[in-house]
Amino acid sequence: MGLKIAMCSAFVLVVMVLLSSLISWGSATVSYDYRAISINGQRRILFSGSIHYPRSTPEMWPDLIQKAKEGGLDVIQTYVFWNGHEPEPGKYYFEERYDLVKFIKLVQQAGLYVHLRIGPYACAEWNFGGFPVWLKYVPGISFRTNNGPFKDAMRKFTAKIVNMVKAEKLYESQGGPIILSQIENEYGPVEYELGAPGRAYAEWAAKMAVDLDTGVPWIMCKQDDAPDPIINTCNGFYCDYFSPNKVQKPKMWTEAWTGWFTEFGGPVPYRPVEDLSFSVAKFIQKGGSFINYYMYHGGTNFGRTAGGPFIATSYDYDAPLDEYGLLRQPKWGHLKDLHRAIKLCEPALVSGDPTVISLGSYQEAHIFKAKSGACAAFLANYDQHSFSMVAYGNMHYHLPPWSISILPDCENTVYNTARIGAQSAQMKMKPVVKGFSWLTYNEEISSSNESFFTTIGLMEQINTTRDNTDYLWYLTEVEIDPNEGFLTDEKWPILTVLSAGHALHVFIEEKLTGTAYGSLENPRLTFSQEVKLSSGINKLSLLSIAVGLPNVGPHFETWNAGVLGPVSLSGLNEGKRDLTWQKWSYKVGLKGEALNLHSLSGSSTVEWIESAYVTERQPLMWYKATFDSLDGNEPLAIDMNTMSKGQVWINGQSIGRYWNQYKALGGNCSACNYSGWFDEKKCLSNCNEASQRWYHVPRSWLYPSGNLLVVFEEWGGNPDGILLAKREVESVCANIYEWQPTLVNWQMKASGKVNEPLPPKAHLSCAPGQKISSIKFASFGTPEGFCGNFSQGSCHAFHSYDVFEQYCVGLQTCSVPIALEIFGEDPCPDVMKKLFVEAICT
Ligand code: GAL
């Protein structure tokens with residue numbers, strides 16, 4: 001009885017805390033102590049998620065924030081993207097996807113808090129780590145060190161942002177939602193390398209930030225010596241081992257990596273939610289109180305915002321909300337259940353440090369007790385291979401390998417990190433527009449001399465383009481004597497071009513002769529190939545392409561791109577001829593870029609021809625097509641699988657770079673077990689396929705009719721294969737064990753409504769507007785496999801299919817108790833059974 005009262009009051013307290021977070025912005029203050037961040041004087045366990053506002057459209061923001069809230073988040077975290085906000089010195093931009101204030105206000109309206117990472121260095125696989133390229137050309141500048149010009153620029157931008165949000169009263173100290181800010185980003189390792197100037201800069205940055213007087217705490221991530229009162233925090237796949245640098249600071253995890261980014265040429269990483277939830281539970285049981293999922297919604301690197309180089313346009317990150325803003329199940333649901341379970345423990349958790357008891361060689365209990373009587377326990381099994389039966393209190397608990405069970409009353413398990421109660425979903429891309437009528441426009445290689453300039457020798461690319469375009473032409477001529485031996489024996493000479501990156505197309509006499517490119521690990525490239533030259537003057541045109549500027553690494557701002565040489569021709573009568581120091585002409589960008597061919601107005605200034613007259617796989621080709629409205633509101637994507645490399649726009653908006661011809665070679669995509677230490681190379685998909693095939697087309701960029709789709713193809717492709725598809729749920733699955741603990745059942749028992757625990761339920765829900773049309777698979781017994789590929793085991797209850805057909809078909813959502821009596825006779829007494837079901841949504 002006493003226990004029940006304690007549980008009820010704990011529940012009431014949780015509800016009160018939740019309500020107060022929704023209604024009272026009032027004169028609240030944010031403070032911290034060793035245990036947690038306190039808001040309104042109340043210590044809080046806070047769940048946060050990164051959503052970077054320019055990686056989605058303002059039209060998507062409310063839905064993303066709402067789904068984050070439903071997923072159990074309290075806080076939204078974002079970087080501030082300096083190069084988006086100050087494209088030219090002193091010229092600021094805060095519109096559209098860069099409307100930071102609007103984004104923060106939407107979070108506030110949803111009743112959530114904000115963690116604003118001003119940086120202004122972001123990293124984030126974002127172009128140049130978030131720095132504007134003009135910053136590099138400020139005289140005497142050196143980034144992220146004790147350098148006057150850099151510190152001036154950093155202070156100016158940081159103050160600009162702080163003053164802007166202050167003017168809008170967005171700090172919590174003013175009644176707004178921002179409870180935390182961040183200065184710098186993962187500076188610790190850089191400081192270590194730089195030594196004294198690094199240390200001086202870190203101290204300056206900390207003081208500069210604190211002096212801006214935001215009224216809320218500042219943090220520095222991965223910065224072990226963050227000066228007081230700044231809180232140093234942890235980033236990583238696991239952070240339970242982490243302790244802040246002072247006893248009065250709380251243990252915070254600012255980047256719990258939910259997956260990892262994709263690079264062109266790499267496989268697509270994913271992280272099993274059983275391991276992610278295990279790492280989170282482990283952090284909490286070891287006294288952690290703030291967790292931010294990086295990313296909660298990764299989104300898209302639209303335009304030329306991807307960093308790297310070689311970062312893909314998709315920044316999906318295997319996040320709980322997928323690139324398109326749809327729930328990634330079971331990740332989103334299993335984390336939601338985790339958050340609810342932990343929130344039930346909050347009163348005990350914030351009361352103090354846990355008592356730790358060993359329950360076996362690899363098993364432990366962490367027990368939190370409050371003076372109020374509230375008690376919460378976390379039972380952990382660190383064994384990577386074996387189940388464990390542990391004795392705790394008066395009971396025995398069954399723990400799967402590499403898992404933690406959560407007991408909000410120190411008695412009943414409501415959640416285990418390796419037992420997923422949430423449904424999984426299989427997504428599909430359903431074609432909606434195929435067979436566009438393409439018109440083409442041929443990008444010219446060279447000819448008119450006006451926009452050219454000439455020098456002796458080779459020029460660095462970023463200095464030349466200032467990153468206003470990916471493209472830089474290097475043009476020269478090679479004179480071949482009529483007496484050259486290769487003209488008769490056809491032993492063609494070899495052209496060798498060394499480039500600092502990132503990709504290169506070589507044209508001789510305006511014909512594509514070859515291509516070379518680097519990778520994220522090594523952006524440099526060497527082109528070395530036989531070239532068919534003729535007697536007399538041969539025009540050599542090198543198109544050098546940047547694929548995003550670096551965002552991380554020691555003094556990454558000094559890294560070069562472009563053809564820096566040497567460039568040479570070997571196999572001539574004279575042996576080898578060095579072309580490096582001869583006369584080179586340069587052309588910045590493409591003619592089509594100068595003409596704005598991607599826009600409605602620009603594209604109407606030139607004459608396009610019907611693609612039927614164009615030879616297939618022609619390089620340097622612009623394509624355009626129009627299409628009318630698309631009904632529904634499902635997210636859209638464009639399939640670029642028959643193209644090679646280039647950029648794509650819709651109604652003048654850049655969808656980003658595509659490079660589906662860069663295949664993911666070299667990774668290992670075999671089955672991946674959640675159990676055991678995770679890193680970004682452990683679980684991979686898309687091996688030997690395009691790193692990215694589908695490109696997100698935001699709905700809000702479309703008009704009711706006359707939509708203009710423009711593609712610039714560098715390499716040659718077949719545009720007839722391009723199609724537009726809707727992304728939707730194909731099927732949903734549940735994967736439930738007999739007697740799997742659930743929070744709902746615990747609440748029923750705790751409230752005295754039932755004496756015995758109820759069986760768990762399989763919940764299946766198609767997307768709004770869809771219905772369950774059939775049951776593809778159902779087996780209560782010992783089924784095997786994974787969603788989309790289940791198979792029956794040796795034990796199978798005869799009525800498995802009937803039950804789901806009866807309960808679910810024709811409905812959008814259904815719940816079925818996983819109880820023996822529902823499935824008829826016990827198909828295999830004494831065997832632990834489970835249910836696997838897959839329902840088709842249409
Ligand atoms: C972190 C960095 C983030 C992001 C992440 C990898 O080290 O702080 O900005 O780059 O790595 O996705």
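# Strands, helices and ligand surroundings in a predicted model

In strand E28, Leu542 stands opposite Val506. This report starts from that pair in a predicted model and proceeds to the remaining sheets, two helices, the ligand and one loop residue.

## Strand E25 and its two partners

The pairing of Val506 with Leu542 belongs to a longer contact between strands: E25 is joined to strand E28 (residues 536-545) by six bridges, and the two run antiparallel. On strand E26 (residues 511-517), E25 has another antiparallel partner, again with six bridges. Val506 takes part here as well, since the residue opposite it in E26 is Gly514.

How many of the residues of strand E25 are buried? Six of the six residues in E25 (residues 503-508) are buried, so the strand is largely enclosed by the rest of the structure. In a regular strand, side chains alternate between the two faces of the sheet. In E25, Ala503, His505 and Phe507 point one way, while Leu504, Val506 and Ile508 point the other way, and all are buried. Two residues lie between the strands in the hairpin of E25 and E26, where Glu509 adopts a positive phi near 50°.

## Two open sheets

A four-stranded open sheet has the order E27-E24-E29-E30, with antiparallel pairing. Its edges are strand E27 (525-530) and strand E30 (575-578); each has a single partner strand, so one side of each is left without a neighbour in the sheet. From one strand to the next, the twist averages 15°. At the E30 edge, strand E29 (residues 567-572) is joined to E30 by three bridges, and these strands run antiparallel. Within this pairing, Leu569 has Arg577 of E30 as its bridge partner.

An open sheet of three strands has the order E1-E2-E3, and its pairing is antiparallel. Strand E1 (30-32) and strand E3 (42-44) stand at its edges, each with a single partner strand, so one side of each lacks a neighbour in the sheet. Neighbouring strands of this sheet are turned against each other by 40° on average, direction ignored. Three bridges connect E1 with strand E2 (residues 37-39) in an antiparallel arrangement, and Tyr32 stands opposite Ile37 of E2.

## Helices H7 and H8

Helix H7 (residues 196-211) contains 16 residues and reaches 22 Å from its first C-alpha to its last, close to the 22 Å expected at 1.5 Å a residue. Which residues of H7 are buried? They are Gly198, Tyr201, Ala202, Trp204, Ala205, Ala206, Met208 and Ala209. The elements covering the buried residues of H7 include helix H5 (148-167), strand E7 (178-183), helix H6 (188-194) and strand E8 (218-221). Just after H7, Asp213 has a positive phi of about 55°.

Helix H8 (residues 273-285) has 13 residues, which should span 18 Å at 1.5 Å a residue; its end C-alpha atoms are 18 Å apart, in agreement with that value. Of these 13 residues, 13 are buried, so H8 is largely enclosed by the rest of the structure. Gly287 follows H8 and has a positive phi, near 95°.

## Surroundings of the ligand

There are 15 residues around the ligand, of which Tyr79, Glu125, Glu186, Glu255 and Tyr317 come nearest. The table lists distances from an oxygen atom of the ligand to polar atoms of three residues.

| Residue | Polar atom of the residue | Distance to a ligand oxygen atom |
|---|---|---|
| Ala122 | backbone atom | 3.2 Å |
| Glu125 | N or O atom in the side chain | 2.6 Å |
| Tyr317 | side-chain atom | 2.5 Å |

## Asp316 in its loop

Where is Asp316 found? Asp316 lies in the loop between strand E12 (290-297) and helix H9 (331-349). Is Asp316 buried or exposed? Its relative accessible area is 16%, and the residue counts as buried because the limit is under 20%. Leaving aside neighbours within four places in sequence, Asp316 is in contact with Gly298, Gly299, Asp322, Glu323 and Arg328. Between Asp316 and Ser173 there is a separation of 143 residues in sequence and 34 Å in space, C-alpha to C-alpha.

Methods
Residues are numbered from 1 along each chain as its sequence is written. This is a predicted model: local features need pLDDT of at least 70, side-chain atom pairs count only at pLDDT 80 or more; totals for chains, interfaces and linings use all residues. Side-chain values use heavy atoms; hydrogens and water are left out. Buried means under 20% relative accessible area, exposed over 50%, partly exposed in between (1.4 Å probe, protein chains only). Contact means heavy atoms within 4.5 Å. Two strands pair if DSSP finds at least two bridges between them. Axes are lines fitted to C-alpha atoms, for helices over the stretch in contact, and angles run from 0 to 180 degrees between N-to-C directions. The expected span of a helix is 1.5 Å times one less than its number of residues. A residue is near a molecule or strand if one of its heavy atoms lies within 4 Å of it. A polar contact is a pair of N or O atoms within 3.5 Å; within protein, one must be able to donate a hydrogen and the other to accept it, and residues adjacent in sequence count only if both atoms are side-chain atoms.
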